[in-house]
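Let's practise reading a protein model together. Have the sequence and the 3D view ready, and try each task before you look at its solution.

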Amino acid sequence: NLEAESRKVLSAGADWLHVDCFDGHFVPNLTIGPPVAASLRKALGEGPTLDCHLCVTNPEDYVESMAKAGASIFTFHAEATRDAASLVGRIKAMGMQAGVALKPSSGADAAAPAVEAGADLVLVLTVEPGFGGQKFKPEMMPKVRECRTRWPDIHIQVDGGVSEATVGMAAEAGASAAVAGSAVFKSADQAKTIAAIKGALQGALDAAKA
């Protein structure tokens, strides 16, 4: 039950709900789309942040429907658009925050047009998008570090294999947000797992400011 599981992790301390929207084309799997996001928003109310990651071939086609569904953050793939700046403008005009995602094969430069246009978040994937439960790739951390250095005032988010055991590497590289799926939903103590992940991120951010 999506509503029950969402409420459970929010009660355990999750700040955002990360909603993966796959179209079966940009990535092999077909998952949640605007109708399910809308149902989730209706069930949970206006409070929770719905962090929607669109692994879709034509993200421009989803801006209006995701806004109407109640998405808080609309993150598109740099590899999926020819005009990131225009897309960021459309997303923000619809009242959502804009994020730009990078596959493992894409460098930080691919995010630059979106960030320069006002994107609020860069999502660095440590795994190929499309499947859960993959292993964290430490070799993606230099990209995280480069993004943090170039864009110190926005969220740098890491997704893919994040757990209590791996979040420290992401935090040390400069991540300010982390997506943890399997590590949280399979945890026997979700509150403890979430607290550990959040603590590692905040601790590294505090140390960097000291």
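Here are four exercises with worked solutions, all about this predicted model.

**Exercise 1. A helix and its buried face**

Task: Find which residues of helix H4 are buried, and work out how they are arranged around the helix.

Solution:
- Step 1. Start by locating H4, which spans residues 84–93.
- Step 2. Look for residues under the 20% cut-off for relative accessible area. In H4, the buried residues are Ala84, Leu87, Val88 and Ile91.
- Step 3. Now look down the axis of H4: the buried residues fall within an arc of 100 degrees, so they line one face of the helix.
- Step 4. Next, see what covers these residues. The cover includes helix H3 (63–69) and helix H5 (112–116), together with strand S3 (73–77) and strand S4 (97–102).
- Step 5. Finally, follow the chain onward from H4 to Gly95, which has a positive phi, near 90 degrees.

**Exercise 2. Lining a pocket**

Task: Describe the lining of the second largest pocket, and say which helix gives the most to it.

Solution:
- Step 1. Begin with the volume of this pocket, which is about 210 Å³.
- Step 2. List its lining: Arg148, Pro152, Ile154, His155, Ala171, Glu172, Gly174, Ser176, Ala204, Leu205, Ala208 and Lys209.
- Step 3. Match these residues to helices. Helix H7 (167–173) and helix H9 (190–209) each supply at least two lining residues.
- Step 4. Pick out the main contributor: H9 gives the most, with 4 residues.
- Step 5. Sort the lining by type, and you get 6 nonpolar, 3 polar and 3 charged residues.

**Exercise 3. Cysteines without a bond**

Task: How many disulfides does the model have, and why is Cys52 not bonded to Cys21?

Solution:
- Step 1. Recall the idea: a disulfide is a covalent bond between the sulfur atoms of two cysteines.
- Step 2. Fix the test: the two sulfur atoms must be within 2.5 Å.
- Step 3. Apply the test to Cys52. Its closest cysteine sulfur is in Cys21, 5.0 Å away, which is too far for a bond.
- Step 4. Try Cys55 as well. The nearest cysteine sulfur is that of Cys21, 8.5 Å away, and Cys55 is in no disulfide.
- Step 5. Write down the total: the count is 0 disulfides.
- Step 6. Add the surroundings. Cys52 is buried, with a relative accessible area of 0%, and Cys55 is also buried, at 0%.

**Exercise 4. Buried, partly exposed or exposed?**

Task: Place Lys103, Tyr62, Glu128 and Asn1 in the right accessibility class.

Solution:
- Step 1. Keep the cut-offs in mind: buried is under 20%, exposed is over 50%, and partly exposed is in between.
- Step 2. Lys103, in the loop between S4 and H5, has a relative accessible area of 18% and is buried. Its C-alpha is 5.5 Å from that of Leu125, although the two are 22 residues apart in sequence.
- Step 3. Tyr62 sits in the loop between strand S2 (49–55) and H3. At 23%, Tyr62 is partly exposed. Beyond its neighbours within four places in sequence, Tyr62 is in contact with Asp23, Pro34, Leu54, Val56 and Phe74.
- Step 4. Glu128 belongs to the loop between strand S5 (121–125) and helix H6 (141–150), and its 37% makes it partly exposed.
- Step 5. Asn1 comes in the segment before helix H1 (2–11). With 70% relative accessibility, Asn1 is exposed.

Definitions and conventions
Residues are numbered from 1 along each chain as its sequence is written. This is a predicted model: local features need pLDDT of at least 70, side-chain atom pairs count only at pLDDT 80 or more; totals for chains, interfaces and linings use all residues. Side-chain values use heavy atoms; hydrogens and water are left out. Buried means under 20% relative accessible area, exposed over 50%, partly exposed in between (1.4 Å probe, protein chains only). The arc is that of the directions from the helix axis to the C-beta atoms. Contact means heavy atoms within 4.5 Å. On a 1 Å grid over the protein atoms alone, a cavity is a set of points where a 1.4 Å probe fits but cannot get out, and a pocket is an open set with protein on both sides within 12 Å along at least five of seven lines; lining residues have an atom within 4 Å of a point. Grid points are joined across faces, edges and corners, and a volume is the space filled by probe spheres set on the points. Ala, Val, Leu, Ile, Met, Phe, Trp, Tyr, Cys and Pro count as nonpolar, Asp, Glu, Lys and Arg as charged, and the others, Gly among them, as polar.
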